[in-house]
Amino acid sequence: MHPKPRHLTILLLAASCLFAQAAPPTAAGTALSQDQIRDLIRQAAENDIANDKASRDYSYVQRETERKLNGKGEVQSTETRAYDVLMLYGEPVRRQIAKNGQPLSPKDAAREEEKLQKIIDKRKNEDEGDRRKRLDKEEKDREQDREFVKEIADAYNFRFDGLESYEGRPTYVIDADPRPGYEPHGKNARFLPDFRFRVWLDEQAKEWVKLDIQCIDTVSVGLFLARVHKGSNIQIEQTRVNDEVWLPRHVALKLDARIALFKGVNIAEEANYSDYKKFRTDTKILPAGITEQQQPQQQQIQQQPQQQNDEQQK
């Protein structure tokens, strides 16, 4: 999603991604104890690394809907946006393709292509030192994420709430509430006591399929920069793609916040993800609205080769 303003929602979005590492269940019909769930969460923090790597081989379409609400929760305005999300040089890059159900104007489409080309040129001309520095930073961030997830195991009391059918598949339902008196260790873990969550875990695949995260206390982000209020909520659903990776399908965010203690923000956003495609090393990115038949007359952008091609996967 791409909420406005972004710095107000980054906490909830980050929490959603990190809570997404929640634990898979044990054998069917077995109630999960506190210790079992904590051990599984720690294992899932490591297992998700492979899932994260596999997701970088996919492009997709992201469709967003933003609704601004008044104090009564009534919708004042609605805006929709659609994006192609491409993986370039190991990083996801979004290119807007539509607004409010209509394709972008030629001028706006050209602006999107220009932004995309700038990113490609920057990466193509990146020297080895800068590239190594960037990759090292990405790995450091991923390691911090893993450590954050591991701390969730200690920061919460878990409760097994039974089995539910989710899209025809049996799932375990687990509730998590902050442990009273817990002292966070990591930098970002200081926000954990302000959130509770419920997770649905696919019994067979041992992956989370749905999350419901609640803000249970006012959260201050930065020094008087923003305050996320109690009641803010984010829900996330995942889907299995190509029988090899779990990727987002739907995200819904309800945010009640205040910027710099003055301007209130009350929005409801949702994003739907579709058209997942595993690209080949010869995949070409064409400007929005250009077909393969028009390809010789248009500039083409070659995708960064990936570590695995179809031959390697056989």
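Biologist: Hi! Let me start with one residue I keep looking at. Is Arg 95 buried or exposed?

Modeller: Arg 95 is buried, with a relative accessible area of 5%. Bear in mind that this is a predicted model.

Biologist: Thanks. Where does Arg 95 sit, and what does its side chain touch?

Modeller: Arg 95 is in strand S3. Its side chain makes a polar contact of 3.2 Å with the side chain of Glu 113.

Biologist: Let's zoom out for a moment. How many helices and strands does the protein have?

Modeller: The protein has five helices and 15 strands.

Biologist: And how much of the protein counts as buried?

Modeller: Of its 314 residues, 41% count as buried. The accessible surface comes to about 17300 Å², and 48% of that surface belongs to carbon and sulfur atoms.

Biologist: What about contacts between residues that are far along the sequence: what share joins residues at least 24 apart?

Modeller: If you take the contacts between residues at least 6 apart in sequence, 55% of them join residues at least 24 apart.

Biologist: Back to the strands, then. Do S1 and S2 run parallel or antiparallel?

Modeller: They run antiparallel. S1 covers residues 58-69 and S2 covers residues 75-88, with ten bridges joining the two. To find your way along the pair, look for Arg 63, which stands opposite Ala 82 in S2.

Biologist: How many residues lie between the strands in that hairpin of S1 and S2?

Modeller: Five residues lie between them. In this hairpin Gly 73 takes a positive phi near 85°.

Biologist: And how does S2 pair with S3?

Modeller: S2 pairs with S3, residues 91-99, in the antiparallel sense over eight bridges. One pair to look for is Val 85 with its bridge partner Arg 94 in S3. The hairpin of S2 and S3 has two residues between the strands, and there Tyr 89 takes a positive phi near 55°.

Biologist: Why would a positive phi outside glycine catch your eye?

Modeller: Because most residues other than glycine have a negative phi.

Biologist: Fair enough. Which way does the phi of Asn 100 go, positive or negative?

Modeller: Asn 100 has a positive phi of about 50°, although it is not a glycine. You'll find Asn 100 in the loop between S3 and strand S4, residues 102-103. Asn 100 is partly exposed, at 42% relative accessible area.

Biologist: And what about Asp 275?

Modeller: Asp 275 is not a glycine either, and its phi is positive, at about 55°. Asp 275 is found in strand S13, residues 263-278. With a relative accessible area of 40%, Asp 275 is partly exposed.

Biologist: Changing topic: how many salt bridges do you count?

Modeller: The count comes to 28 salt bridges. As background, side chains of opposite charge can pair when their charged atoms come close.

Biologist: Can you walk me through some of them? What does Glu 112 pair with?

Modeller: Glu 112 meets Lys 115 in a salt bridge, at 3.0 Å from N to O. The two residues are three apart in helix H3, residues 106-124, so they are separated by about one helical turn.

Biologist: How do Glu 112 and Lys 115 rate for burial?

Modeller: Glu 112 is buried, with 10% relative accessible area, whereas Lys 115 counts as partly exposed at 45%.

Biologist: Which residue forms a salt bridge with Asp 136?

Modeller: That's Arg 132, with the closest N and O atoms 3.5 Å apart. They lie four residues apart in helix H4, residues 128-155, so about one helical turn separates them. Asp 136 is partly exposed at 42%, and Arg 132 is partly exposed at 40%.

Biologist: Let's try some strands too. What does Arg 249 pair with?

Modeller: Arg 249 meets Glu 237 in a salt bridge of 2.7 Å, N to O. Arg 249 is in strand S12, residues 245-259, and Glu 237 is in strand S11, residues 233-241, so the pair ties together parts that are twelve residues apart in sequence. Arg 249 counts as partly exposed at 22%, while Glu 237 counts as buried at 17%.

Biologist: Last one: which residues do shared salt-bridge partners join into one network?

Modeller: The network is made of Arg 159, Asp 161, Asp 175, Asp 177, Arg 196 and Arg 198.

Definitions and conventions. Residues are numbered from 1 along each chain as its sequence is written. This is a predicted model: local features need pLDDT of at least 70, side-chain atom pairs count only at pLDDT 80 or more; totals for chains, interfaces and linings use all residues. Side-chain values use heavy atoms; hydrogens and water are left out. Two strands pair if DSSP finds at least two bridges between them. Buried means under 20% relative accessible area, exposed over 50%, partly exposed in between (1.4 Å probe, protein chains only). A salt bridge is a side-chain nitrogen of Lys or Arg within 4 Å of a carboxyl oxygen of Asp or Glu. A polar contact is a pair of N or O atoms within 3.5 Å; within protein, one must be able to donate a hydrogen and the other to accept it, and residues adjacent in sequence count only if both atoms are side-chain atoms. Contact means heavy atoms within 4.5 Å. Accessible areas come from the Shrake-Rupley method with a 1.4 Å probe; for residues, only the protein chains shown count as cover.
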